[in-house]
Amino acid sequence: MTVQITAGGFHAADGVEDWRCLYHLVSAYFRTGSLSAGIAFVDEIGRLVGRDEQEHLNLDLRHAGVTVSLSRRDISLARRISAAARALGIPADPGAVQLVNITLDALVNSDVLPFWQALLGYRQIGDDYLADPARRGPGFGLQPMETERPHRNRMHVDIAVPHDQAEDRIAAALAAGGRVVSDAHAPMWWVLADPEGNEACVATWVGRE
């Protein structure tokens with residue numbers, strides 16, 4: 001079994017400037033400008049990716065760009081995809097990637113996880129996480145709660161952003177009426193809240209290794 005390199009090790013490598021680590025993924029966004037250019041880029045990726053690499057690759061093709069995500073921090077593959085983009089004249093926008101998860105505070109994970117798995121049609125990963133088998137929807141995770149909190153939200157959104165974009169994203173949220181609830185764990189994550197107290201976390205890979 002191949003040992004996953006750290007996010008810090010990935011970012012320290014040369015030739016991966018287009019890419020950003022987001023939790024367990026590495027993602028890059030390439031601005032193709034048109035659907036036809038995006039299709040040509042995806043076709044080129046299909047030619048350069050080996051059979052054993054395909055299971056770690058996810059592509060999201062839209063009319064203006066392509067998001068490429070790797071479930072393994074594969075420096076060689078990231079470099080090859082970036083080189084293909086450059087050869088086609090397609091620029092990367094490292095700040096345009098993110099990963100969204102929904103997190104629910106639960107007293108007993110095993111009591112509530114089957115309900116959410118059935119409702120979402122997701123597959124279970126471990127004891128506290130559900131993932132969309134089609135890789136389209138956000139992840140759904142549970143985190144432990146010792147006692148009930150009837151006067152506080154138990155569900156919140158986690159947004160993993162590029163480590164060099166976190167402060168700008170937080171500043172934008174604050175300018176839009178939000179507030180910082182806690183930065184005790186920054187830069188791993190900040191807890192923010194909207195004007196009515198609904199919470200969300202902005203997270204990076206920094207500090208998780």
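This tour moves through a predicted model residue by residue, stating what to select and what is found there. Residues are numbered from 1 along each chain as its sequence is written, and side-chain values use heavy atoms, with hydrogens and water left out. In this predicted model, local features need pLDDT of at least 70 and side-chain atom pairs count only at pLDDT 80 or more, while totals for chains, interfaces and linings use all residues.

**Stop 1: Arg-20**

Select Arg-20, which lies in strand 1, a strand covering residues 20–22. Helices (H or I, at least four residues) and strands (E, at least two) are DSSP runs, numbered from the N terminus. Arg-20 is buried, at 11% relative accessibility; buried means under 20% relative accessible area, exposed over 50%, and partly exposed in between, with a 1.4 Å probe and protein chains only.

Which residue forms a salt bridge with Arg-20? The partner is Asp-164, with the closest N and O atoms 2.9 Å apart. A salt bridge is a side-chain nitrogen of Lys or Arg within 4 Å of a carboxyl oxygen of Asp or Glu. The two residues come from distant parts of the chain, 144 residues apart, with Asp-164 in the loop between strand 9 (155–160) and helix 5 (166–175). Asp-164 is partly exposed, at 39% relative accessibility.

Next, display the backbone of Glu-17: the side chain of Arg-20 reaches the backbone oxygen of that residue at 2.9 Å. This is a polar contact, that is, a pair of N or O atoms within 3.5 Å; within protein, one must be able to donate a hydrogen and the other to accept it, and residues adjacent in sequence count only if both atoms are side-chain atoms. To view the wider surroundings, leave aside the neighbours within four places in sequence; the residues in contact with Arg-20 then include His-11, Val-26, Pro-94, Val-97 and His-163. Contact means heavy atoms within 4.5 Å.

**Stop 2: Tyr-23 and Cys-21**

Tyr-23 is found in the loop between strand 1 and strand 2 (25–30). The phi angle of Tyr-23 is near 50°, a positive value in a residue other than glycine.

Now select Cys-21 together with Cys-201. How many disulfides does the structure hold? The number is zero, a disulfide being a pair of cysteine sulfur atoms within 2.5 Å. The sulfur of Cys-21 has its closest cysteine sulfur in Cys-201, and at 20 Å the two are too far apart for a bond. Both cysteines are buried: Cys-21 has a relative accessible area of 1% and Cys-201 one of 9%.

**Stop 3: Asp-74, Arg-72 and Glu-53**

Asp-74 is located in the loop between strand 4 (66–70) and helix 3 (75–87). Is Asp-74 buried or exposed? At 12% relative accessibility, Asp-74 counts as buried. The side chain of Asp-74 reaches the backbone nitrogen of Ser-76 at 3.2 Å, and it also meets the side chain of Arg-72 in a salt bridge of 3.4 Å, N to O. Arg-72 is partly exposed, at 23% relative accessibility. With neighbours within four places in sequence left aside, Asp-74 is in contact with Phe-10 and Glu-53.

Continue to Glu-53, which forms a salt bridge with Arg-80, the closest N and O atoms being 2.5 Å apart. This pair again links distant parts of the chain, 27 residues apart: Glu-53 is in the loop between helix 2 (35–48) and strand 3, and Arg-80 is in helix 3. Glu-53 is buried at 9% relative accessible area, whereas Arg-80 is partly exposed at 29%.

The count for the structure comes to seven salt bridges. For further inspection, select Asp-43, Glu-44 and Arg-47, which salt bridges with shared partners join into one network.

**Stop 4: Leu-61 and the nonpolar patch**

Select Leu-61, in strand 3 (residues 57–61). Leu-61 is partly exposed, with a relative accessible area of 33%. Adding Leu-35 and Ile-39 to the selection shows a nonpolar patch on the surface, the three residues having about 250 Å² of accessible area together.

**Stop 5: Two backbone features**

Arg-135 is in the loop between strand 7 (129–131) and strand 8 (139–144). Arg-135 has a positive phi of about 60° although it is not a glycine, and it is partly exposed, with a relative accessible area of 43%.

Finally, select Ala-186 and Pro-187, which a cis peptide bond joins, with omega about 5°. Pro-187 is found in the loop between strand 10 (179–182) and strand 11 (189–193).

Terms used: Patches are made of residues with over 30% relative accessible area and no salt bridge: like charges are joined within 9 Å, nonpolar side chains (Val, Leu, Ile, Met, Phe, Trp, Tyr) within 5 Å. Accessible areas come from the Shrake-Rupley method with a 1.4 Å probe; for residues, only the protein chains shown count as cover.
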